Amino acid sequence: MNAVNMVKVLIVDDHRLFRSGVRAELGPQIEVIGEAEDVESAVSAIEALKPDVVLLDVHMPGGGGQEVLRRVLGSGSPVRFLALSVSDAAEDVIGVIRGGARGYVTKTISGRELTDAIVRVAEGDAVFSPRLAGFVLDAFASTEAPSIDPELDSLTTREREVLRLIARGYAYKEIAKELFISVKTVETHVSSVLRKLQLSNRHELSRWATARRLV
Amino acid sequence: MSETPTIPEAYPRLVRPQRGRLVAGVAQGAAAQLKLDPVVLRLAFVLLTILDGLGLLAYAALWMFTPQEQSEGEPPARDWGQIAAYAVLGTALTAFGWVTGASTGGIGTWSIALGGIGTLILWQQADPGRRQRWMTDAVRQVRRSWIRTGIGLLLVVAGGAGFLAAQGKLAEARPGLIFTAVVVGGLALIAAPWLAGLWKELQKERRERIRQEERAEMAAHVHDSVLHTLTLIQRNAQDPFEVTRLARSQERELRNWLYQPKADADATMAAAVRRAAAEIEDEHGVPIEIVCVGDCDLDDRLRAMLQAVRQSMVNAAKYSEATVISVYAEVEAGEVTVFVRDRGKGFNMDDVPDDRMGIRQSIIGRMERHGGSARVKTEPGEGTEVMLTMKREQQ
């Protein structure tokens with residue numbers, strides 16, 4: 001692995017211990033070029049350091065990960081975000097994805113899996129944790145209301161199969177083997193689901209996420 | 001003046017403050033002395049003035065005998081709107097009394113004036129909680145029966161008008177009615193800011209109380225669970241397995257409390273799977289990641305399925321040597337599917353002796369007896385996945 005295709009990563013998290021823990025765990029193909037601990041320092045560090053991938057904490061002082069996404073992506077920056085959080089709340093998960101993050105993993109993830117996820121996001125693919133896949137299946141399953149845009153508002157059978165396998169704990173490679181398709185095709189399906197998740201106007205999606213807490 | 005130390009007086013002296021006064025500050029000062037709202041005393045003065053100018057006399061006397069409060073700087077401006085409102089109210093009441101002859105009525109008028117002042121003082125003295133109860137009771141009653149109230153009011157007005165018309169007194173009564181309207185308007189004008197303030201204060205208190213209750217619940221929860229676990233962890237610091245188990249179990253409990261919809265583990269599928277996994281996790285110390293999509297009520301078939309799910313999780317925890325177990329449960333309209341997967345060492349199905357109860361009886365046999373199916377996918381070195389499917393009972 002030479003220096004040219006090292007992935008430059010900025011870690012944004014308000015817990016110093018966690019930042020150093022992640023730094024130590026990441027694989028050799030990742031280069032951590034900086035750290036930030038709140039919204040302000042994150043936005044200026046992204047502008048100054050131009051990382052490939054930002055590891056973004058969801059809950060932070062000053063508006064949290066969603067505020068960083070809004071300000072950075074709002075200015076047309078090409079940087080990619082991978083959300084990393086301890087939270088299991090559907091509204092947090094769906095919130096950062098709809099805010100523009102290309103993936104969501106929980107902080108219990110192993111160093112090797114996190115390294116894979118960062119590389120995947122750097123290549124422009126999406127990263128779904130089993131829980132996120134479950135949320136998406138759940139959110140898109142409740143389709144009683146007529147959809148505005150059928151292309152964006154529902155999942156294809158294949159996408160559903162891929163999401164189910166992710167929820168069952170399968171890695172992309174295992175999914176490809178199971179469905180007799182290439183890893184690249186699996187990635188395409190996941191990216192397509194991510195796009196639907198971000199662009200769908202189905203207001204149930206957000207409502208579902210908030211309502212889930214109140215049941 | 002500022003150099004001399006102020007000697008606290010034995011009892012507070014009646015003074016006339018400049019801030020917030022309307023005429024001379026008499027009512028304001030007296031209100032402070034009696035711990036009442038100035039509005040009450042102002043209304044009392046207005047009411048007493050109508051009775052042969054008694055209020056005016058009392059006001060003038062107090063004005064003369066009370067000193068003005070010492071204050072620095074420009075005297076603050078008066079609220080002319082309120083003065084006008086009191087003046088209008090006084091004029092209207094006088095006119096009303098004059099037209100109806102009530103002001104010369106002796107005892108009867110006094111009882112009305114005293115009753116009015118008394119009510120105001122009672123209202124003022126009541127604590128906010130009680131006032132809120134009065135207010136909400138009244139509002140609720142009005143809300144509950146607004147149709148009845150509306151019809152009743154209509155009938156009273158129509159009846160009164162009809163009676164006056166029949167007696168040929170409608171024209172005569174008109175000025176009295178107009179003055180009544182003016183009095184009510186004046187009262188509303190005076191009371192409006194005060195009532196609005198009161199309402200705002202009540203809302204604030206209510207919010208504060210709710211917040212405090214939430215904080216208390218949070219504190220109780222943290223105390224009962226998190227602090228307790230932290231103590232246990234310190235006590236078991238030399239036992240890494242136990243520390244991990246405690247931390248994991250506390251994390252799970254806190255997560256469920258924070259993020260999971262409250263559900264009854266005896267009643268719904270998703271909650272039951274979560275609880276079973278929690279128990280096995282505690283017992284065997286292997287983390288179990290659960291993803292549930294959809295949910296439904298438990299029935300006999302699903303209870304049987306739950307036993308098979310539990311056995312699959314126990315097998316994975318005990319024999320697979322995997323570091324984590326993934327469980328995925330999906331409830332669809334027609335069937336329920338559960339996958340239990342590990343990336344452990346796996347095994348060869350043919351090598352499992354027939355008398356081994358775990359897989360053949362507790363999982364596959366149990367599912368088939370209840371009309372479901374079970375498939376085990378495994379190979380040495382490839383991990384194991386148990387797939388359980390059960391048709392849902394049609395309601």
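This passage goes through a predicted two-chain model, from its confidence scores to chain A, the contact between chains, and chain B.

The model is predicted, so local features need pLDDT of at least 70 and side-chain atom pairs count only at pLDDT 80 or more, while totals for chains, interfaces and linings use all residues. Residues are numbered from 1 along each chain as its sequence is written, and chains are lettered from A and ligands numbered from 1 in the order in which they are written. For the complex, the predictor gives an ipTM of 0.80 and a pTM of 0.61. In chain B the average pLDDT (the predictor's confidence in each residue, from 0 to 100) comes out at 78, and 78% of the residues score at least 70. Residues 1-7 of chain B stay under 50. For that stretch the model has one contact beyond four places in sequence, a contact being two residues whose C-beta atoms, placed from the backbone, lie within 7 Å.

Turning to chain A, there are 11 helices and six strands. These elements are DSSP runs numbered from the N terminus, with helices being H or I of at least four residues and strands being E of at least two. Of the 215 residues in chain A, 44% are buried. Here buried stands for 20 or more other C-beta atoms within 10 Å of a residue's own, exposed for 12 or fewer, and partly exposed for anything in between, with C-beta atoms placed from the backbone. Among contacts in chain A with a separation of 6 or more, 67% join residues 24 or more positions apart.

One residue worth a look is A:Asp57, which an unreviewed UniProt entry lists under "modified residue: 4-aspartylphosphate". UniProt positions are given in the numbering used here, feature names are shortened, and annotations may be inferred rather than shown by experiment. A:Asp57 sits in strand β3 (residues 53-57) of chain A. It counts as buried because it has 26 C-beta neighbours inside 10 Å. Leaving out neighbours within four places in sequence, A:Asp57 is in contact with A:Val12, A:Asp13, A:Asp14, A:Gly65, A:Leu84 and A:Ser85.

Where the chains meet, 14 residues come from chain A and 12 residues from chain B. On the chain A side, the elements giving two or more residues are α6 (130-141) and α11 (203-214). The most come from α6(A), with six residues. By type, that side of chain A splits into six nonpolar, two polar and six charged residues. Nonpolar covers Ala, Val, Leu, Ile, Met, Phe, Trp, Tyr, Cys and Pro, charged covers Asp, Glu, Lys and Arg, and the others, Gly among them, are polar.

Over in chain B, B:Val39 is found in helix α2 (residues 38-50). With 19 other C-beta atoms within 10 Å, B:Val39 is partly exposed. B:Val39 touches B:Ile190 and B:Trp194, not counting residues up to four places away in sequence.

Chain B also has an open sheet of five strands, in the order β1-β2-β3-β5-β4, with mixed pairing. Two strands pair if DSSP finds at least two bridges between them. The edge strands, each pairing on one side only, are β1 (288-293) and β4 (373-378) of chain B. Six bridges join β4(B) to β5 (residues 384-391) of chain B, and these two run antiparallel. B:Val376 stands opposite B:Val386 in β5(B).
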